[in-house]
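I opened the model to look up a few strand pairings and ring contacts. My notes follow in the order I took them.

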Amino acid sequence: MKSQMLHQAKQSPTILVSCKKFLFLQLQSLAGYHYDQKGGDKSRENREKSEGYLHLYKSKGQHLLTNSRILDSIVSKSKIRPTDTVLEIGPGTGNLTLKLLEASHKVVAIEVDKRMVEVLEKRVAECGFEDRLTVICDDALKTEFPRFDLVVANIPYGISSPLVAKLVFGKNLFRSATLLLQKEFARRLLANPGESDFCRLAVNVKLVAEVEYIMDVSKRDFLPNPKVDSSVIRIQRKAEIPVVDLSEWWTFTRACFNKKNKTLGATFKQKKKLVELLRVSKFMSLSKDDVVIDCTSDLSDSDEHEDRNCNIEPFRLSSTAAAEFSCFKCKVVELLKSSGFEDKRPSNLSIDELLYLLNVFNKNEIYFFHRRWRRHDGVR
């Protein structure tokens with residue numbers, strides 16, 4: 001029985017380094033797995049050191065994929081070549097890493113938890129792969145990615161949006177990214193115009209990339225079990241990307257998709273939005289200064305940062321300004337009417353249609369992004 005369980009340990013890597021510890025866990029009904037949502041217990045740290053336990057934090061998105069069949073399938077679907085350098089974000093204790101090392105030339109793993117790094121490096125060394133693994137112990141959102149050919153990763157739910165943004169809008173030219181994501185988030189990435197899940201997230205990502213569904217993964221295949229199921233998708237950057245100012249595009253899609261099922265005519269008749277557009281457009285007609293753009297942020301539909309600190313003088317509606325505002329409003333409404341977008345809803349528009357509308361606005365000196373802003377809230 002012992003030899004059989006040791007064989008199972010090799011087939012199904014766990015959070016502990018050795019097969020003996022895995023056997024102990026099996027005999028104790030996986031009692032060695034401990035997790036909570038608070039952390040910070042000193043006695044727990046001492047127990048980890050003395051007994052070989054590893055505490056997992058749900059609050060940090062530490063859900064380890066343990067199903068060997070799923071791990072093999074992810075590697076297979078990633079289409080890894082023997083000459084490839086694979087970037088893995090959040091490798092944890094190395095369940096996926098070991099399989100990536102078997103299929104590729106090299107793996108660069110970025111892991112923020114030093115405890116995980118220690119376990120990962122020991123497991124890899126035991127398998128003789130240490131010369132082909134580079135570990136960067138840092139925050140994946142803050143560190144600069146080295147050169148890589150592919151991304152294959154089980155992404156912590158909490159950083160999915162900003163991480164996808166960093167990949168698809170970053171400088172690294174990679175062949176594809178095979179990502180294990182929260183199922184709901186993946187569905188939004190995959191959605192097309194007219195579907196209920198279609199949103200700003202899908203619009204911004206699909207501007208520059210193709211998104212393909214691979215498979216679903218049950219929450220029971222993780223330790224500890226998350227509350228929801230996951231999905232595997234593959235993202236491939238498009239060979240030809242539309243020529244558009246990304247800062248202008250991101251701000252434009254935020255304005256449109258804040259209420260995605262509202263008609264554009266209704267959206268752009270709101271006084272607050274029109275005043276903001278008028279302020280930005282007046283400044284842009286006078287200034288051509290460049291701006292540094294930060295793309296390493298999320299792609300969701302939240303509008304909580306729309307009224308960020310921009311250091312722009314407020315546009316006060318004096319009598320003169322009120323007349324100017326009225327003319328500007330008529331101009332916006334007329335442009336929507338003449339271009340056929342007044343009664344259309346963003347949730348039903350294709351990327352080409354949205355690009356066309358943005359071009360109509362810009363040609364008529366109506367702008368959305370103020371060049372004094374820095375994009376810290378991202379392409380949500």
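Which residue in β5 is the bridge partner of glutamate 88? I looked this up in the predicted model and found alanine 109.

**Entry 1: strand β4 and its partners**

I then went through the pairings of β4, which covers residues 85–89. With strand β5 (residues 106–110), β4 pairs in the parallel sense, and I noted 5 bridges. Between the two strands the chain passes through helix α5 (residues 95–103), and I recorded this β-α-β crossover as right-handed. I also found β4 paired with strand β7 (residues 150–154), again in the parallel sense, over 2 bridges. In that pairing, leucine 150 of β7 is the bridge partner of valine 86.

**Entry 2: burial of β4**

How many of the 5 residues of β4 are buried? I noted 5 of the 5, so the strand is largely enclosed by the rest of the structure. In a regular strand, side chains alternate between the two faces of the sheet. I therefore sorted the residues of β4 by side, with Thr85, Leu87 and Ile89 on one and Val86 and Glu88 on the other. Both faces of β4 are covered, and I list Glu88 among the buried residues.

**Entry 3: aromatic pairs**

Next I turned to the rings. I describe a pair of aromatic rings by the distance of the centres and the angle of the planes. The count for the model is 11 aromatic pairs. One of them joins phenylalanine 252 and phenylalanine 361 edge-to-face, with 6.4 Å centre to centre and 65° between the planes. Phenylalanine 252 belongs to helix α10 (residues 246–257) and phenylalanine 361 to helix α14 (residues 351–363), so I noted a link between distant parts of the chain, 109 residues apart.

Are the two phenylalanines buried or exposed? Phenylalanine 252 counts as buried because its relative accessibility is 0%, and phenylalanine 361 is buried with a relative accessible area of 0%. Phenylalanine 361 also forms an edge-to-face pair with phenylalanine 368, at 5.5 Å centre to centre and 70° between the planes. I noted phenylalanine 368 as buried too. Following the ring pairs, I obtained a cluster of Trp249, Phe252, Phe268, Phe361 and Phe368.

**Entry 4: charges over rings**

Last, I looked up lysines placed over rings. Lysine 166 lies over the face of phenylalanine 145, 4.2 Å from the ring centre. I also noted lysine 344, whose charged end sits over the ring of phenylalanine 341 at 5.1 Å from its centre.

Methods:
Residues are numbered from 1 along each chain as its sequence is written. This is a predicted model: local features need pLDDT of at least 70, side-chain atom pairs count only at pLDDT 80 or more; totals for chains, interfaces and linings use all residues. Side-chain values use heavy atoms; hydrogens and water are left out. Rings of Phe, Tyr and Trp (its six-membered ring) pair if their centres lie within 6.5 Å; planes under 30 degrees apart count as stacked, over 60 as edge-to-face and the rest as tilted. Helices (H or I, at least four residues) and strands (E, at least two) are DSSP runs, numbered from the N terminus. Buried means under 20% relative accessible area, exposed over 50%, partly exposed in between (1.4 Å probe, protein chains only). A charge sits over a ring if NZ of Lys or CZ of Arg is within 6 Å of the ring centre and within 35 degrees of the ring normal. Two strands pair if DSSP finds at least two bridges between them. A crossover is right-handed if, with the strands pointing away from the viewer, the path from the first strand over the helix to the second runs clockwise.
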